[in-house]
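Trainee: Could we walk through this structure together? I would like to reason from the values rather than guess.

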Amino acid sequence: MWNPHRGGRCPRLLWLVLLVGGLCTGTAPAAPSTPPAGEQLEVSMLLRGALDVSASGAVEALHLGDERQVPPVVAGFVRRAVAGWRFDPYLQEGQPRAIRAPLILRVVGTPLDDGNLQIALRSASFQNYDPNDPTRLTWQNAAPPLYPGGAGMFGVNGDAYVLMRVGRDGRVQDAIVEQVNMRVRASPRRLAAYRKQFSRNALVAARTWSFRVPTEGESRDAPYWLVRVGVRYDVKGEGEQFARWYPYLPGPRHRPTWTDPATLLLAADAPDALPADGSLYQAGQRGPVLRTPLGGG
């Protein structure tokens with residue numbers, strides 16, 4: 001994990017990125033951080049676990065991390081949705097195989113007038129980041145961004161999600177901040193200004209990053225690689241904890257002009273489906289391919 005920069009009293013930064021998007025809904029008791037009824041400030045929760053997928057592509061079992069930490073209504077909702085998922089059969093040497101796949105889910109809650117939350121599965125990832133995996137891009141140098149002074153002074157928290165094209169020399173050829181999500185209330189004008197600050201600082205840092213390129217596997221001879229990483233700006237220096245609600249103000253999605261959108265897995269692919277923890281996630285399909293909506297088949 002990236003060692004966050006601390007300059008003076010600069011708030012701590014934490015790291016992120018890849019996915020499949022969709023939507024399904026349910027109702028859960030309101031989280032402590034839920035805004036008053038009538039305010040459409042959503043909250044989000046990150047869940048981790050694994051899936052057992054049969055050779056035919058059906059989900060046989062869901063393993064959530066520490067399920068005791070997950071609100072029972074949320075856990076039940078997730079289990080019902082995941083039970084309806086269907087994947088393309090995973091082929092090994094041309095033969096379909098049963099697999100255990102990693103799983104990261106972002107659950108989003110929207111306040112209802114009765115004080116409860118309408119919950120939805122916003123996105124999911126079926127990747128792990130392994131810094132020792134020779135078949136994928138891994139970090140070589142990850143100098144952290146600076147926390148923008150104005151945002152830090154006012155205790156503003158947010159997450160910037162960076163998409164990069166990395167050449168065979170391990171250097172960043174192109175980069176774009178796809179999305180900046182905020183975790184504070186503010187006027188639209190101030191939110192836009194904070195998003196611009198976070199985006200600018202993340203891009204300045206990204207242009208200095210370098211990577212170890214794959215030496216094994218199918219992609220080792222690729223002309224370039226597309227990867228995502230997220231930067232968490234947090235005045236308390238906290239990472240995104242498992243099964244905890246956080247304020248969620250997703251920003252507009254920006255798409256690069258320097259790559260074919262079809263290479264980014266799916267149009268619904270959501271940059272913020274993963275935690276901002278310094279991991280690299282390859283943009284493009286790795287792992288099982290989900291063919292049903294997140295709400296099930």
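Mentor: Begin with one side chain, and keep in mind that this is a predicted model. Phenylalanine 198 has a relative accessible area of 0%, so it is buried.

Trainee: Tyrosine 233: is it buried or exposed?

Mentor: The cut-off for buried is under 20% relative accessible area. Tyrosine 233 has 0% relative accessibility, so it counts as buried.

Trainee: What kind of pair do the rings of phenylalanine 198 and tyrosine 233 make?

Mentor: Their ring centres are 4.2 Å apart. Planes under 30 degrees apart count as stacked. Here the planes stand at 15°, so the pair is stacked.

Trainee: How many residues apart are the two partners?

Mentor: Phenylalanine 198 sits in helix H3, and tyrosine 233 in strand S14 (residues 224–234). The pair therefore links distant parts of the chain, with a separation of 35 residues.

Trainee: How many aromatic pairs are found in the whole structure?

Mentor: Ring centres must lie within 6.5 Å to pair. A search of the whole structure gives eight.

Trainee: What is the geometry of the pair formed by tryptophan 85 and phenylalanine 87?

Mentor: The ring centres are 6.2 Å apart. Planes over 60 degrees apart count as edge-to-face. At 80°, this pair is therefore edge-to-face.

Trainee: Which aromatic cluster includes Trp85 and Phe87?

Mentor: Tryptophan 85 is buried, at 0% relative accessible area. Phenylalanine 87 is buried too, at 4%. The cluster is formed by Trp85, Phe87 and Phe126.

Trainee: Turn to tryptophan 209. Which backbone oxygen does its side chain reach?

Mentor: Tryptophan 209 lies in the loop between helix H3 (188–206) and strand S13 (210–212). With a relative accessible area of 0%, tryptophan 209 is buried. Its side chain reaches, at 3.3 Å, the backbone oxygen of alanine 205.

Trainee: What distance separates the C-alpha atoms of tryptophan 209 and valine 172?

Mentor: Along the chain, these two are 37 residues apart. In space, their C-alpha atoms are separated by 6.8 Å.

Trainee: Aspartate 52 is charged. With which side chains does aspartate 52 make polar contacts?

Mentor: Aspartate 52 is in strand S4 (residues 42–53). Its relative accessibility is 18%, so it counts as buried. One polar contact, at 2.8 Å, is with the side chain of histidine 63. Another, at 2.7 Å, is with the side chain of arginine 100.

Trainee: Which other residues is aspartate 52 in contact with?

Mentor: Leave aside neighbours within four places in sequence. His63 and Arg100 are on the contact list. The list also holds Ala58, Val59, Glu60, Ala61 and Ile99.

Trainee: Now the empty space. What is the volume of the largest cavity?

Mentor: A cavity is space where a probe fits but cannot get out. For the largest cavity, the volume is about 70 Å³.

Trainee: Which strand gives the largest share of the lining of the largest cavity?

Mentor: The lining has 13 residues, and Ser44, Arg106, Asp159, Pro247 and Tyr248 are the closest to the centre of the cavity. Strands S11 (158–167), S12 (172–182) and S15 (246–248) each supply at least two of the lining residues. The largest share is three residues, from S15.

Trainee: How many charged residues line the second largest pocket?

Mentor: This pocket has a volume of about 190 Å³. Ten residues line it, with Asn157, Glu238, Arg244, Tyr246 and Pro247 the closest to its centre. By class, the lining has three nonpolar and two polar residues, and the charged ones number five.

Technical notes:
Residues numbered from 1 in each chain as written. Heavy atoms only, no water. 1 Å grid on protein atoms, 1.4 Å probe; cavity = no way out; pocket = protein on both sides within 12 Å on 5 of 7 lines; lining within 4 Å. Points joined across faces, edges and corners; volume = space filled by probe spheres on them. Nonpolar A, V, L, I, M, F, W, Y, C, P; charged D, E, K, R; others polar. Helix = DSSP H or I, 4+ residues; strand = E, 2+ residues; numbered from the N terminus. Buried < 20%, exposed > 50% of the residue type's maximum accessible area, 1.4 Å probe, protein only. Polar contact = N/O pair within 3.5 Å; in protein donor to acceptor, adjacent residues only side chain to side chain. Contact = heavy atoms within 4.5 Å. Phe/Tyr/Trp six-rings, centres within 6.5 Å; stacked < 30°, edge-to-face > 60°.
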